[in-house]
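Here are my notes on this one, jotted down as I went through it. Have the sequence and the 3D view open while you read.

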Amino acid sequence: MKHITIISPNSFGYIDFLIDALDSKPDVVVTFINFENFKFRYNSKFEKVKNGFNKLFLNKNIKTVYRSKCILESFHNIKKQNFIIVIRPDKIEKKTLLSLKDYTENLYAFYFDAISNFPKKIELIPIFDKVFSYEKDDVEKYNLKFITNYIYDIDQVSQEKIKHKIFNISSFDNRFDDLRRIATYLKEQNINYKIIARKEGSNKTGLIDITPDYMALPEVKKYIMDSEILLDIQKQNQKGLSFRVFEALGYKKKLITTNSDIVNYDFYDSNNILVLDVNHIDIPKHFLNSTYKQIPETVLYKYTLEYWIEKVFYAE
């Protein structure tokens, strides 16, 4: 029997699929610690001001301290684990990460984002027995274990249900100008599209739908299944494949992406995937109008959640 604990933030529901897949295995007992559930409340305005001072000048956050304390308390009633895997360990105190080694035979981390975006992750690498990353440059530079994100769901829809030619949903961040540039092109070319950006507060635009709310994956799936082509905008300093790529693979959708490194993966097919230069946008009609070309199952399997679990928890 394998006892596995996942310590992670919400991650928009992608981790829930991992938990469910592990829980379905008869030889696994899985525990999920979502550290965003540990909400710290200030006792006074003075305490809030003091914490602001500590964050600014001492690089210490009372919320991180509280979160770390709650994580360790979670292990008081849990037997020693075969595996603990931490996602976003930079949000947890270093001394807490070190303490986790007392509760497991194997302490792992999965770096969701490029290290250049969260440099603190560099000093945390020696704590773990293995650190997995989907960023090839980080893997090579810091001697990490390469693993991609995963296809968390597999489904297919008939063409009769298609409402949008192109669909994208993103957070409102430094990619927004690229999104707006692409949306302008699509509108000028009379290409039917749906682009949604999440942003708190009001920010009206006639090109992109702005929403203040996070959209749950089942709702995102409805938009994906109603669309013919998914649009993927690469984050700054990122080469690793986003979950949008794996949604395209799992739902058998064509993909337009700004991630040029995708051509180096064995599932790449120019019929299905268009690499886009946002400074010189050109979406050929033959790409828009051609049908999806099936990817061999032997190729797809290497990117499934099942394979991800095998590689992380069952490989020697």
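1. Start with the cavity. Helix H9 (residues 243-250) supplies the largest share of the lining of the largest cavity, namely three residues. Keep in mind throughout that this is a predicted model. The lining as a whole consists of Val245, Ala248, Leu249, Lys253, Leu255, Phe267, Asn272, Ile273, Tyr292 and Ile295. Sorted by class, that gives eight nonpolar residues, one polar and one charged. The volume comes out at about 50 Å³, and the count of cavities of 30 Å³ or more is one.

2. Just along the chain from there, have a look at Lys252, in the loop between H9 and strand S11 (254-257). Its phi is positive, about 55 degrees, although Lys252 is not a glycine. For background, most residues other than glycine have a negative phi. Is Lys252 buried or exposed? Its relative accessibility is 17%, so Lys252 counts as buried; the cut-off for that is under 20%.

3. Arg88 is another one to check for backbone geometry. Here phi is near 60 degrees, again a positive value in a residue that isn't glycine. Arg88 sits in the loop between strand S3 (83-87) and helix H4 (94-100). With a relative accessible area of 12%, Arg88 is buried.

4. Now the largest pocket, which has a volume of about 1300 Å³. Its lining runs to 48 residues, and those nearest the centre are Phe12, Tyr14, Ser171, Arg175 and Lys235. Which strand gives the most to this lining? That's S7, with four residues. At least two residues each come from H1, strand S7 (164-171), strand S8 (193-198), helix H8 (217-225), strand S10 (227-232) and H9. As for the mix, the lining divides into 20 nonpolar, 16 polar and 12 charged residues.

5. H1 turns up again in a helix pair. The axes of helix H1 (residues 14-23) and helix H12 (residues 305-314) come within 11 Å and cross at roughly 75 degrees. That angle makes H1 roughly perpendicular to H12, because 65 to 115 degrees counts as roughly perpendicular. On the H1 side, the contact is made by Phe17, Leu18, Ala21 and Leu22; on the H12 side, by Leu305, Trp308, Ile309 and Phe313. By class this contact has eight nonpolar residues, with no polar and no charged ones.

6. Ile7, in strand S1 (residues 2-8), is worth clicking on. Its relative accessibility is 0%, so Ile7 counts as buried. Ile7 and Val86 are 79 residues apart in sequence, yet their C-alpha atoms are 4.8 Å apart in space. Setting aside neighbours within four places in sequence, Ile7 contacts Ile33, Phe35, Ile71, Phe75, Ile84, Ile85, Val86, Ile87, Ile92 and Leu100.

7. Last one: Ala109, in strand S4 (residues 107-111). What is the relative accessibility of Ala109? The value is 0%, so Ala109 counts as buried. Beyond its neighbours within four places in sequence, Ala109 is in contact with Ile85, Val86, Pro89, Phe128, Lys130, Val131 and Phe132. Of these contacts, take Pro89: Ala109 and Pro89 are 20 residues apart in sequence and 7.2 Å apart in space, C-alpha to C-alpha. Ile85 and Val86 also appear among the contacts of Ile7, so showing Ile7 and Ala109 together is a handy view.

Key:
Residues numbered from 1 in each chain as written. Predicted model: local features only at pLDDT ≥ 70, side-chain atom pairs only at ≥ 80, totals over all residues. Heavy atoms only, no water. Axes fitted to C-alpha atoms, helices over the stretch in contact; angles between N-to-C directions. Parallel < 35°, antiparallel > 145°, perpendicular 65-115°, else oblique. Contact = heavy atoms within 4.5 Å. Nonpolar A, V, L, I, M, F, W, Y, C, P; charged D, E, K, R; others polar. Buried < 20%, exposed > 50% of the residue type's maximum accessible area, 1.4 Å probe, protein only. 1 Å grid on protein atoms, 1.4 Å probe; cavity = no way out; pocket = protein on both sides within 12 Å on 5 of 7 lines; lining within 4 Å. Points joined across faces, edges and corners; volume = space filled by probe spheres on them.
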